[in-house]
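Hi everyone, thanks for coming. I'd like to walk you through one model today, so let me put it up on the screen.

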Amino acid sequence: MSIRVRFAPSPTGYLHLGAARAALFNYLYARSVGGKFLLRIEDTDLERSTEESTRSILEGLEWLGLDYDEEIIFQSDNAEKHRQIALKLLEEGKAYRDFTPKEDRANTNIKQNIADKARQQQGEKNMRDNPFRNLSKAESDAKADAGEPFAIRLKVAETGKTSFEDAVYGFQERDYSEIEDLVLLRSDGHPLYNLAVVCDDLEMQITDVIRGQDHLTNTHKQILIYEALGKTPPRFAHLPLILAPNKGKLSKRKHGAVVSMTTYRDKGFVAPAFRNFLALLGWSAGEEREIYSLEELVEKFSLEGVHRNNAVFNFHEADERHWTDDKALWMNAEYIRTMPLESLIPLGKNELKSAKLWRDEYEDDDKVWFEKTIDLIRQRFFTLKDFSAQGRAFFSEDFDFDEKAIEKNLKKFPDLQTWLPELANRLETVEDFTHDNLEAVIKKFAEEKGTKIGVIMNGARTLLTGLAVGPSMLAVFETLGKEKTIRRLKSQVAWNL
RNA sequence: GGCGCAUUCGUCUAGUGGUUAGGACGCAAGGUUCUCAACCUUGAAACAGGGGUUCAAUUCCCCUAUGCGCUACCA
């Protein structure tokens, strides 16, 4: 049977880091073995699920280039089937009705409550002490017929243990005494997660379940359901978690935008770069290398290469320069300056468009110029945003002057206020406005003025680009062209700021 | 509290019963340069602790510590 895996997010927010990586690993695994990568939206939590989230998740997957096979399954569509299956288990005596009134839980600190409760009743807990567990069928039916509300619980055997071989964590075993009679169907008739997952995975013919390690212990419960259903469980592979810098849980609520896929898209990340980064969080090919194309990841990926220990996503909230993981930032810059120019062009276009700097000539009469310019300035950029920010002066006359640059490169050398317009006149005479010719003229000019060439160049840089940093000035002159170069050198705007 | 999982530089990680414990990011210093990146060179930086097993343990076993997860009529 061919391999079938699924990514099954619940639509309660945007696609976050951990989920994205789970999706990526599923995708890589499926592609590497020639299997199918399916998508299932687990929207059974009606209160928290939103269509907006679903859309956001799909966008995130699309951005990462993780295309799925077949139709998307919405778990809520299958609720009735799940209910029937629970009823069937009840019928077969593998589950029972629990008439215990539903406990109202305050949703805050719920985990804490559970732990506290467990602490109080330590030693005396018995997972099989439900008074309705051994009710006769007649009695149970009678109560149900009388309209008493009930949940359906799986009847877990008194003794024994479940076990499975996890592809990442190895052999796992759990004693039945550690597993409660889990609820399959709520008293309001809604199927619960563990039941729904098992039913859907069965229906979708999933062969390998690859998901976060937070489900490792849930797996035992699910195996119990598979057994009750008389089905063979799929193979399981659990992934280590991605933690916050304090090694705590990385959460949407606490960490916000830094864990959202859309943030990276909107902040100018190149999708293949971020995907590459994500792949290396919890997996390695066992070689000293970090740049991998999607094809290479597919080729190299294996579950054996997945780690068992959690990874820290190392960002610094307070530090603007290190707002997200340094390695992600570095990788993005690496991609921007080394990816094939033709792949970068559309991304640059996109960025300029959204900054309202795009002109159609860039694809037409000025195509060559545009591509050359992108190629020139990409060398020192970290994100696509830089094309419209630091790169603005190349595409627009309307750019800002950096105060520090003015101070450092212009005002510190007052002579430049007359020299640079003078240089402009000199450049006017240059017929062939290219690197070598410009260099000769400027060198000579600097010598005449008895100043270092750097003073001239940096002053010019600030007048031409508004910045203190940037590409080699000879390249900038050439790229901007004679007319703009001369105009900007003569402009007194910066001097008056 | 119970159960489970984990533990190599700050972070991502490689690795082996005998290694100068390797790489990457970040950081620092130097070189190069018209600036800043890039690039090159160099540097600081790790096997959680304690017991075993062994001629030898970072590697195998146990314990402790720490972290994380699960322990819901959430997913």
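Let's start with chain A as a whole: of its 497 residues, 48% are buried, where buried means under 20% relative accessible area, exposed means over 50%, and partly exposed is in between, with a 1.4 Å probe and protein chains only. Before I go on, a word on conventions: this is a predicted model, in which local features need pLDDT of at least 70 and side-chain atom pairs count only at pLDDT 80 or more, while totals for chains, interfaces and linings use all residues. Residues are numbered from 1 along each chain as its sequence is written, chains are lettered from A and ligands numbered from 1 in the order in which they are written, and side-chain values use heavy atoms, with hydrogens and water left out.

Now the overall shape. The radius of gyration of chain A is 31 Å, whereas a compact globule of 497 residues would be near 23 Å; the radius is taken over C-alpha atoms, and the globule rule is 2.2 Å times the number of residues to the power 0.38. Along the principal axes, the C-alpha atoms fill a box of roughly 110 × 45 × 40 Å. Chain A has 21 helices and 12 strands, which are DSSP runs numbered from the N terminus (helices H or I, at least four residues; strands E, at least two).

On to the RNA. Which residues come nearest to RNA strand B? They are T100, R186, G282, R380 and S472, out of 73 around the strand, counting a residue as near if one of its heavy atoms lies within 4 Å. Of the strand B atoms within 4 Å of the protein, 70% belong to sugar or phosphate, and the rest to bases. By class, the surface near the strand has 23 nonpolar, 23 polar and 27 charged residues. Here Ala, Val, Leu, Ile, Met, Phe, Trp, Tyr, Cys and Pro count as nonpolar, Asp, Glu, Lys and Arg as charged, and the others, Gly among them, as polar.

There are some polar contacts to point out, meaning pairs of N or O atoms within 3.5 Å; within protein, one must be able to donate a hydrogen and the other to accept it, and residues adjacent in sequence count only if both atoms are side-chain atoms. A backbone N or O atom of L280 sits 3.0 Å from a sugar or linking oxygen of strand B. E290 uses a polar side-chain atom, 3.1 Å from a sugar or linking oxygen. For D326, a polar backbone atom is 3.4 Å from such an oxygen. Elements giving two or more residues to this surface include α4 (110-120), α7 (218-228) and α12 (326-338). The largest share, six residues, comes from α4.

Let me stay with α7 for a moment. It is mostly covered, with 10 of its 11 residues buried, among them H220, K221 and Y226. After α7 comes G230, with a positive phi near 70 degrees.

Finally, two backbone oddities. E70, in the loop between α2 (51-64) and β3 (73-74), has a positive phi near 60 degrees without being a glycine. Because its relative accessibility is 44%, E70 counts as partly exposed. K356 also has a positive phi, about 60 degrees, and is not a glycine; its place is the loop between α13 (341-354) and α14 (367-377). K356 counts as exposed because its relative accessibility is 75%.
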